[in-house]
Structures are given as C-alpha cells and as structure tokens.
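Here's a quick tour of one protein model, written for someone who already has it open. Have a look around first, then read on.

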Amino acid sequence: MQIHTSAAVTGEVSGQFNARFAFWAMTSLFFIWGFITALNDILLPYLKGAFSLSYLQAALVQFCFFGAYFIVSPLAGRLLEKVGYRNGILTGLLTIAGGCCLFYPAAELGLYSFFLLALFVLASGITVLQVSANPYVAVLGDEQHAASRLSLAQAVNSVGHTAGPLFGAVLILAATGEAGSAKSVQLPYLLLACALVVTALVFYRLRLPDIQQSAAEQQTEAFSIGRFPQLKFGVLAIFLYVGAEVAVGSYLVNLFMQLGISGMTEVTAGAMVSYYWGAAMVGRFVGAGLMRFIKPTSLLALNSALAIAMILLAVNSSGDFAMWTILAVGFFNSIMFPTIFTLAIRGLAQHTGRASGYLCQGIVGGAILPLVQGVAADLTSVQWSFLVPACCYVYIAWYALVGSKPR
C-alpha cells in the first residue's frame with residue numbers, strides 16, 4: 001500500500017471557519033496545557049509543605065504527570081483512530097476538567113495519594129489533548145510549513161507555561177492561610193475545571209475541518225513502528241529532547257550557586273531560571289518564521305550543534321559567562337519538539353494518530369533523564385553533569401541529518 005505524504009484535510013468550512021481560524025482555535029489548546037502543566041512547579045513545593053513530605057515523596061508529582069504520557073499515549077493514539085481528532089480533543093478537555101475537579105475531594109480528605117490520582121487523571125487528559133492537537137496542527141495546511149505551524153503553536157504553549165506559575169503563586173501560595181492545609185488548591189482547580197468545560201462546549205459548536213483519510217488510505221493494515229524508521233528514531237529523539245530540556249532546567253539553580261557569581265543567592269538563582277524558559281518562548285516565535293525559509297532538518301541540526309556548544313562553554317568556564325551560556329540552551333531548544341514531531345509523522349497518512357501516541361509516550365524522558373544527570377552530578381559535579389544533556393543533543397543532530405529520512 002502506498003503511504004501518502006500527509007493526511008488530507010477534508011470537509012468544507014463555511015463562512016469564517018476556515019483553515020486559518022481552525023489553526024488559531026487549536027493554538028488555544030496549546031496555551032491551556034502549557035498553563036496547567038506549569039502549575040506543577042507551584043503544586044510540588046506546596047504539597048511538600050502541606051503534607052510534610054520528603055523530596056522523594058514530593059517528586060511523585062512529576063512522576064505521576066510524566067507517567068501518564070507513557071501509559072496513556074498509545075491508548076490515545078488508538079482512540080483517535082476510532083473517534084477522530086475532533087472528538088479526541090473534546091475527550092482530552094473533559095478529562096482534564098475531571099482531574100481538576102478531583103482536587104476538591106482530595107483536599108477535603110487530606111490524602112496525598114488522592115492528589116496523585118487527581119494529577120494522573122489530569123495528565124491523562126493533557127496526553128489525549130496533545131496526541132490529538134499536535135498532528136492536527138501539523139496537517140492543517142501544506143506539509144512544507146508543518147514544522148513552522150507547530151513551532152508557532154508551541155510558542156503559544158510557552159506563553160501558557162509562563163503565565164501558569166503567576167496564577168498559582170497568587171491563588172495557591174499567597175492564599176495559604178493555615179499551616180499544613182491543602183485546601184488552597186480547591187478554588188484554583190475548580191476555576192480551571194469550569195474554564196475547560198466552557199472550552200469543550202465552544203469546540204463542540206465550532207465547525208472545524210475534519211482530518212480524514214482518503215478511500216485508498218482506509219484499507220486495513222497492521223501498524224508496526226518498526227516499518228517507519230523516521231518514527232522509530234523520532235520517538236527516541238523526543239525522549240532525549242524532553243529529558244534534556246527538563247534536566248537542564250532542574251539543575252540550573254544548583255549550578256548558579258556553584259559558579260562563584262557575586263551576590264548570587266538561591267532566590268536570585270531561581271529568578272534567573274525564568275530566562276531559560278523565556279528564551280525557549282522567544283526562540284519558538286523566531287523559529288516559526290525561520291522555518292518558512294530554512295529546511296526544518298537543517299535548522300534542527302544547527303540548533304542541536306549550538307546547544308552542544310553552549311553546554312561545552314558552560315562546563316569549561318565560570319561566573320556570569322557560564323550562567324548566560326547555559327541559559328542560551330533554552331533558546332536553541334525552542335524548535336526541537338515541533339520539528340522532531342513533524343519529521344517523525346511525515347508520510348504516515350492513516351497511521352498519524354497511532355504515531356502521535358508513540359511520540360507523546362516518549363515525553364516520559366522528562367522523568368528519566370533528570371535522574372541520570374543527578375547520578376552524574378553525585379559522581380562528578382553539577383557543572384560536569386550537564387554533559388548528559390549534551391549527549392542527547394548529539395543524537396538529535398544525527399536524527400535531523402540521517403534518522404528522520406523516510407524510507
């Protein structure tokens with residue numbers, strides 16, 4: 001069976017509901033899951049204090065979140081094959097809303113395990129949303145500019161990632177009145193649940209284009225990831241990219257405290273981490289424009305090489321120079337996820353939904369690679385441990401130049 005270069009966007013869109021409107025409607029979903037994901041940075045220290053947890057126990061917040069990607073992504077891919085992308089989006093939104101609602105009884109009962117369950121349900125909904133929305137944006141238009149569209153959508157995701165902690169700081173941390181109380185999360189998450197239900201109703205009423213396969217593509221055929229090298233190598237590239245991005249961010253404060261920077265305190269170091277994520281946001285907007293003129297594979301290879309160069313400079317220097325070079329890695333991270341994603345699903349046609357599930361499953365790297373870097377830091381030093389994500393970028397550069405080619 002011949003595999004077409006992309007799934008066809010079929011169905012007529014009346015009036016103002018054209019492909020451009022559909023794209024901007026979809027980018028709102030990227031903002032939503034970026035916003036909610038960023039709340040984990042507030043939720044983890046908050047629950048640690050509320051339940052007097054150890055660091056290992058508090059870290060279960062992140063493990064439950066990333067664990068949902070690993071467990072739910074393949075199931076979400078199969079779900080899309082049965083119900084379609086539009087219904088997958090509605091399922092994801094309502095599942096996230098359900099997870100947010102579970103925070104209320106969790107706080108009433110005062111059970112940390114209930115919070116972890118609520119977080120897993122919430123993360124499962126985000127997983128379904130990602131598996132639905134990423135390929136939808138990728139194929140909503142010509143294939144040549146798919147990576148550019150997804151980079152722009154990911155930039156909006158970064159805006160949500162920046163806004164989420166501000167929301168959490170005001171409505172969760174600042175609202176804490178009783179020592180040891182976990183009830184300050186109830187109102188914020190109920191507000192989020194209401195907003196998500198409203199968003200689901202809006203998407204239910206919108207007449208967005210349906211992504212369908214042509215009759216020739218609807219033949220029954222067993223899916224095997226091994227048949228598509230660009231997908232097989234792409235799953236590992238996503239695993240290593242997300243792992244490297246999260247690992248770098250996780251150890252920045254420790255690194256800044258050891259660089260001998262005058263006047264550097266933990267509070268100052270923590271504030272500097274925002275530059276890392278802010279650089280990624282700026283880079284995604286810049287990358288979305290550059291990919292209109294530069295081949296995605298070339299830009300991905302270049303960014304990987306520059307990320308490696310920044311890390312090598314940082315581990316071999318000290319002071320402000322080392323700090324700014326490691327922060328610059330965030331800028332070069334910017335286009336990696338959307339570019340790897342679009343390269344991995346290129347040419348998969350009716351298998352796009354299942355492939356998206358496998359790729360989102362690779363996001364579990366965000367739970368694994370920080371542990372590997374932690375071991376390296378214990379054996380050597382925090383500064384030299386950054387060679388772990390540097391090795392990840394070497395593979396990503398190889399994927400851009402060699403592994404992403406469809407066969």
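What follows goes from the whole chain down to a handful of residues.

## The overall picture

Keep in mind that this is a predicted model. The protein chain has 18 helices, along with two strands. Of its 407 residues, 56% are buried.

How far apart in sequence are the residues that touch? Counting contacts between residues at least 6 apart, 84% join residues at least 24 apart in the protein chain. As for the outside, the accessible surface of the chain is about 16800 Å², and carbon and sulfur atoms account for 66% of that.

## Around T199

T199 sits in helix α7, which covers residues 186–205. Is T199 buried or exposed? With a relative accessible area of 18%, T199 falls under the 20% cut-off, so this residue counts as buried.

What does T199 have for company? Its side chain reaches the backbone oxygen of A195 at 2.8 Å. Leaving aside residues up to four places away in sequence, T199 touches L29, I32 and L93.

## A nonpolar patch on the surface

Over on the surface, V282, V286, L290, F293 and I294 make a nonpolar patch of about 460 Å². One of these, V282, belongs to helix α10, spanning residues 266–290. V282 has a relative accessible area of 43%, and because that lies between 20% and 50%, V282 is classed as partly exposed.

## Cysteines

How many disulfides are there? The count comes to zero. Take C194, which is in no disulfide: the nearest cysteine sulfur belongs to C101 and is 7.2 Å away. A pair of cysteine sulfur atoms has to be within 2.5 Å to count, so C194 and C101 don't make the cut at 7.2 Å.

C360 is another cysteine to look up. C360 has 0% relative accessibility, which means it is buried, given that the cut-off is under 20%.

## R20 at the start of the tour's last stop

R20 is part of helix α1, made of residues 19–38. Is R20 buried or exposed? Its relative accessibility is 65%, and since exposed means over 50%, R20 counts as exposed.

There's also a sequence-versus-space pairing to check here. R20 and L140 are separated by 120 residues in sequence, yet their C-alpha atoms are 8.7 Å apart in space.

Conventions. Residues numbered from 1 in each chain as written. Predicted model: local features only at pLDDT ≥ 70, side-chain atom pairs only at ≥ 80, totals over all residues. Heavy atoms only, no water. Helix = DSSP H or I, 4+ residues; strand = E, 2+ residues; numbered from the N terminus. Buried < 20%, exposed > 50% of the residue type's maximum accessible area, 1.4 Å probe, protein only. Polar contact = N/O pair within 3.5 Å; in protein donor to acceptor, adjacent residues only side chain to side chain. Contact = heavy atoms within 4.5 Å. Patch = residues over 30% accessible without salt bridge, like charges linked within 9 Å, V, L, I, M, F, W, Y side chains within 5 Å. Areas by Shrake-Rupley, 256 points an atom, 1.4 Å probe, with all protein chains shown as cover. Salt bridge = Lys/Arg side-chain N within 4 Å of Asp/Glu carboxyl O.
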